[in-house]
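Work through the exercises below with the structure open beside you. Try each task before you read its solution.

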Amino acid sequence: MGERLAGAEKEVLVEIVRFTQKNGLKGAEGGWKDFLARNDKKFGASVSDPKKRTKDVLLVFLVTFSKDFQKYFRKLVRRHAERRAIEQYMNEFSGKISPEQKLVQLTTEHLDYRKNYYFPSYQEGWKVMRIGKVSSSMNSGAMLAIDCEMVLCHDGTEAVVRVCVVDNKLEVKLDTLVNPLKAVADYRTHITGVSKKDLEGVTCSLVDIQKSLKKILAKGKILVGHSLYRDLYVLKFDYSRVIDTAYIFKYANLPTTSTASLNSLCKSVCGYSVREDGEPHNCLKDAEAAMNLVTAKLKHGFNDPIEIAENSVPEPDQMKLLAHRIPVYLPCQELLKIFSGNPSIDEKIDSRIRGEFYSTCISFNDIDEADKAFDELDGQETKDSSGRLQKSVLLKRDNGDVAGFFVRKMVYGSRLSNSEVLKKRPQPTENTEQKKEDANGDKRKRQRTSKKHAKKAKAPVVE
């Protein structure tokens, strides 16, 4: 353990420490802040950003963890080394790299890749598949696209109930129902298209699916999907040679941290809708759509930003609220006490740490429940720079401390009204020279000026 971690670059150790923060992991001396408070007499936990700590301090903290966690930390170091080897190979042998592999690289360069594709594969039931020799995998262009449907279980987790896989010719390689092998709270039939009756007599398990994936992904095949990390998470399958179709396109009218839904992206890129409004998902069609997007990207490039309708937020995301600028000392599970309904937090997927703060998603059973929970929050309502409603809220902890953070909707609201825009800008001063002009000229200039101001008022405000 010590040698591999000691040989890792500092940025890798920073990522691992942040991973322990996000997941609330503790070593023999507690969590990261506990460790700092005990061992740093000068600064304590006041300087808790791992980036601001020396590599030696990061190492000393990580070796306080058990052997099982240390084994997982080694996997993270190895994964980083593989990425570096791929980058080096691409720089030295750019002419030998397949176009498909370039999209894999484009996926890994996305801002959200490390956040979403660092899986907790140290947990029981996870399978990790290595990519093999770098030189051979760089030349391969074989691809498979996958999509899953999930149900909500009584223990608060999601379980896969259907898996579909197609190749680049859209030939079906896998299409099967899966028995979740635990009590289901909500089949989400209106979304998944799968009912309780459909699963009667189904014997295929998650373990069977994992075995099938290992077999069909042999020889370095690339796995394609839209927001693929969600499928891999529910499949408990850690695989790094992926193309995420949500990451390989640029969007002209969405924030850099946002992605388009599969349906809206297919409308813009491929010219067709995967499903109509209110129609349940079709696992096989979604897998085919992801492959069609990659095929279109390879054939036509789509290097320029794509226009996406502002309200095209995936339905599962509409059932969430985003809490952000949360102090890192505040455990995410404590956030649930301020929301009505039956909220849950899957911090292993949704949380992101940035210095002294982090963000996480609060999930609800449906869109109405998420809207109601937001409406009932006690806080000042504003809009973020992208026009989405948010509230500044305060949470009183059991120890009496008060923590503040923001909660916003995932969907786009209407832009600030013209009167709201004008309040944020200084009023234009009157042109005294204009008064000297004749009445007709004065009238024409005022008309031009008013039109100019009206155009400005329609522009979104960046706060």
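**Exercise 1: the partners of a strand**

E2 and strand E5 (residues 184-186) pair in the antiparallel sense over two bridges. Keep in mind that this is a predicted model.

Task: find which residue of E5 stands opposite Leu 152. Then work out how E2 pairs with strand E3 and with strand E6.

Solution.
- Step 1. Start at E5. Asp 186 is the residue opposite Leu 152.
- Step 2. Go to E3, residues 158-167. Nine bridges link E3 with E2, and the sense is antiparallel. Here Leu 144 faces Asp 167 across the pairing.
- Step 3. Look at the hairpin of E2 and E3. Four residues lie between the two strands, and Gly 156 has a positive phi near 90°.
- Step 4. Finish with E6, residues 222-225. E6 and E2 run parallel and are joined by three bridges. Val 224 is the bridge partner of Ala 145.

**Exercise 2: buried or exposed?**

Task: decide whether the two faces of E2 are buried or exposed.

Solution.
- Step 1. Take one side. Met 143, Ala 145, Asp 147, Glu 149, Val 151 and Cys 153 are all buried.
- Step 2. Take the other side. Leu 144, Ile 146, Cys 148, Met 150 and Leu 152 are buried too.
- Step 3. Put the sides together. Eleven of the eleven residues in E2 (residues 143-153) are buried, so the strand is largely enclosed by the rest of the structure.

**Exercise 3: two helices that cross**

Task: describe how helix H6 (residues 99-108) and helix H13 (residues 283-300) cross, and which residues meet.

Solution.
- Step 1. Recall what is needed. A packed pair of helices is described by the distance between the axes and the angle between them.
- Step 2. Read off both values. The axes of H6 and H13 come within 11 Å and cross at roughly 110°.
- Step 3. Classify the angle. The range 65 to 115 degrees counts as roughly perpendicular, and H6 and H13 therefore fall in that class. Their crossing is right-handed.
- Step 4. List the contacts. From H6 come Pro 99, Glu 100, Leu 103 and Leu 106; from H13 come Val 294, Lys 297 and Leu 298. By class, the contact has five nonpolar, no polar and two charged residues.

**Exercise 4: a loop residue**

Task: locate Glu 109 and say why it counts as exposed.

Solution.
- Step 1. Glu 109 sits in the loop between H6 and helix H7 (113-117).
- Step 2. Exposed means over 50% relative accessible area. Glu 109 counts as exposed because its relative accessibility is 54%.
- Step 3. Compare sequence with space. Glu 109 and Tyr 247 are 138 residues apart in sequence, yet 8.8 Å apart in space, C-alpha to C-alpha.

Definitions and conventions: Residues numbered from 1 in each chain as written. Predicted model: local features only at pLDDT ≥ 70, side-chain atom pairs only at ≥ 80, totals over all residues. Heavy atoms only, no water. Buried < 20%, exposed > 50% of the residue type's maximum accessible area, 1.4 Å probe, protein only. Pairing = 2+ DSSP bridges. Axes fitted to C-alpha atoms, helices over the stretch in contact; angles between N-to-C directions. Parallel < 35°, antiparallel > 145°, perpendicular 65-115°, else oblique. Left-handed = near helix turned anticlockwise from the far one by under 90°. Contact = heavy atoms within 4.5 Å. Nonpolar A, V, L, I, M, F, W, Y, C, P; charged D, E, K, R; others polar.
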